[in-house]
Amino acid sequence: MTQTTETLCVQGGWKPGDAEPRQVPIYQNTTWRYATSEHMGRLFDLAEAGYFYTRLANPTNDAVAKKICELEGGTAAMLTSSGQAANFFALFNICEAGSHIVSSSEIYGGTYNLIAVTMAKMGIEATFVPSNCTPEELEAAFKPNTRVVFGETIANPALAVLDIEKFAAAANAHGVPLIIDNTFATPVNCRPIEWGAHIVTHSTTKYMDGHGSAVGGAIVDSGKFDWMAHADKYPGLTTPDESYHGVTYAEAFGQEGAFITKATAHLMRDLGSIPSPQNAFLLNLGLESLHLRMKQHVANGQAVAEYLQKHPKVAWVRYSGLPEDEYYDLAQKYLPNGGCGVVSFGVAGGRAAAEAFMSKLQMISIATHVADARSCCLHPASSTHRQMTDEELEAAGVAPDLVRLSCGIEASEDIIADIEQALAAL
Ligand SMILES: *Cc1c(COP(=O)(O)O)cnc(C)c1O
């Protein structure tokens with residue numbers, strides 16, 4: 001029986017047996033006891049499923065990963081300690097020195113640095129293309145050593161909506177998978193696998209947790225990429241892993257399980273970015289209300305964007321739910337129930353006016369965080385990007401007057417009232 005997103009948010013993942021805890025239990029242990037070394041040996045050989053050490057896997061984490069897997073319509077999933085770790089693991093699971101990545105240029109700054117700086121130091125190169133590029137421009141970004149295509153459903157902070165089908169078609173034409181970071185849309189508003197994505201990642205720190213309580217990430221595999229058909233490109237999945245008793249992941253775990261098993265058995269073992277089971281438990285509490293919260297975030301984002309658009313002290317507004325927005329048509333296609341609660345806008349008067357506006361806010365707090373139950377906002381030019389000149393900011397696509405406002409789940413009239421009094425004070 002396939003269940004709706006709403007029901008999966010509440011009931012997905014943990015399925016207690018008779019007389020077992022109704023809520024997912026927190027397995028607050030590092031290790032497991034076995035009666036014989038021979039039994040444990042079978043686990044190490046991956047010949048039998050089971051737990052032995054929380055650095056690789058833990059039942060609480062797995063139950064929560066299973067819920068996210070069901071929500072995204074995937075075949076296997078894992079949690080990571082952060083969204084950064086999720087994107088790194090997803091990329092590094094299929095890239096190595098000499099590989100090349102094609103990525104949308106409108107992506108989260110941390111992911112941009114990960115790909116453009118840190119992975120470059122590992123010998124992995126990348127080409128960035130604007131998300132609104134033509135199919136020809138996208139095609140031109142590929143090289144013989146391209147191993148993966150990357151993009152975000154709704155880019156943070158650019159709020160560009162990705163044409164997932166365009167990126168999937170290019171990836172398929174080159175026989176490489178498409179990874180989509182679905183953090184801002186969440187599976188409540190978009191399921192990228194249905195549009196051709198092969199792997200989906202999340203910073204669960206944002207809407208999924210929703211309460212600003214736990215940093216975390218997730219990777220979901222669609223099971224739809226045929227690694228064996230492109231065996232020469234992905235030796236890590238299609239040839240024996242001598243560091244893991246000679247297992248060939250794509251043969252032993254099939255198309256549905258190979259990617260996540262390798263990321264667990266190999267990357268989690270060596271890099272150890274596992275979330276604490278306590279954090280997975282908190283994430284699950286957040287997921288239980290994700291479907292309700294997303295509705296309110298979207299309603300508030302839309303109401304605030306419409307209010308701002310009419311205000312004389314507001315220079316411009318970016319929100320894909322506005323018919324005038326550059327991404328409105330893509331949003332209608334990929335996000336028919338709305339995108340997210342993040343709105344960006346410019347305060348008339350530039351950098352100084354934006355800074356003054358922020359200082360007048362009362363309920364809406366200044367925070368680097370986004371996608372929280374509490375409304376918060378950020379003026380990049382005076383905080384995260386403060387070392388840059390106005391010219392440098394424009395070149396980076398961050399206008400000096402830009403305010404990123406993350407609408408929470410309060411009543412929209414209270415959010416608007418706070419914005420109104422802050423604008424009136426300018
Ligand atoms: C925040 C964010 C990340 C990084 O996640 P962390 O949990 O902060 O490590 C990655 N991608 C997107 C789209 C994000 O918003």
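Me: Which backbone atom should I look at for an oxygen atom of the ligand, and how far away is it?
Reply: A polar contact is a pair of N or O atoms within 3.5 Å; within protein, one must be able to donate a hydrogen and the other to accept it, and residues adjacent in sequence count only if both atoms are side-chain atoms. Here a polar backbone atom of Gly83 lies 2.9 Å from an oxygen atom of the ligand. Keep in mind that this is a predicted model, where local features need pLDDT of at least 70, side-chain atom pairs count only at pLDDT 80 or more, and totals for chains, interfaces and linings use all residues. Residues are numbered from 1 along each chain as its sequence is written, and side-chain values use heavy atoms, with hydrogens and water left out.

Me: What do the side chains of Asp181 and Thr205 do at the ligand?
Reply: An N or O atom in the side chain of Asp181 is 2.7 Å from a nitrogen atom of the ligand. For Thr205, a polar side-chain atom sits 2.6 Å from an oxygen atom of the ligand. Taken alone, the ligand exposes 380 Å², and the protein buries 92% of that (Shrake-Rupley method, 1.4 Å probe).

Me: How many nonpolar, polar and charged residues does the shell around the ligand have?
Reply: For the classes, Ala, Val, Leu, Ile, Met, Phe, Trp, Tyr, Cys and Pro count as nonpolar, Asp, Glu, Lys and Arg as charged, and the others, Gly among them, as polar. The shell has 3 nonpolar, 10 polar and 3 charged residues.

Me: Is Thr153 buried or exposed?
Reply: Buried means under 20% relative accessible area, exposed over 50%, and partly exposed in between (1.4 Å probe, protein chains only). Thr153 is buried, because its relative accessible area is 1%. Its side chain makes a polar contact with the side chain of Asn182 at 2.8 Å.

Me: How do I read an aromatic pair?
Reply: A pair of aromatic rings is described by the distance of the centres and the angle of the planes. Rings of Phe, Tyr and Trp (its six-membered ring) pair if their centres lie within 6.5 Å; planes under 30 degrees apart count as stacked, over 60 as edge-to-face and the rest as tilted. By this rule the count comes to 12 aromatic pairs. One of them joins Trp227 and Tyr234 edge-to-face, 5.1 Å centre to centre with 80° between the planes. Both Trp227 and Tyr234 are buried, and ring pairs link them with Phe225 and Phe259 into a cluster.
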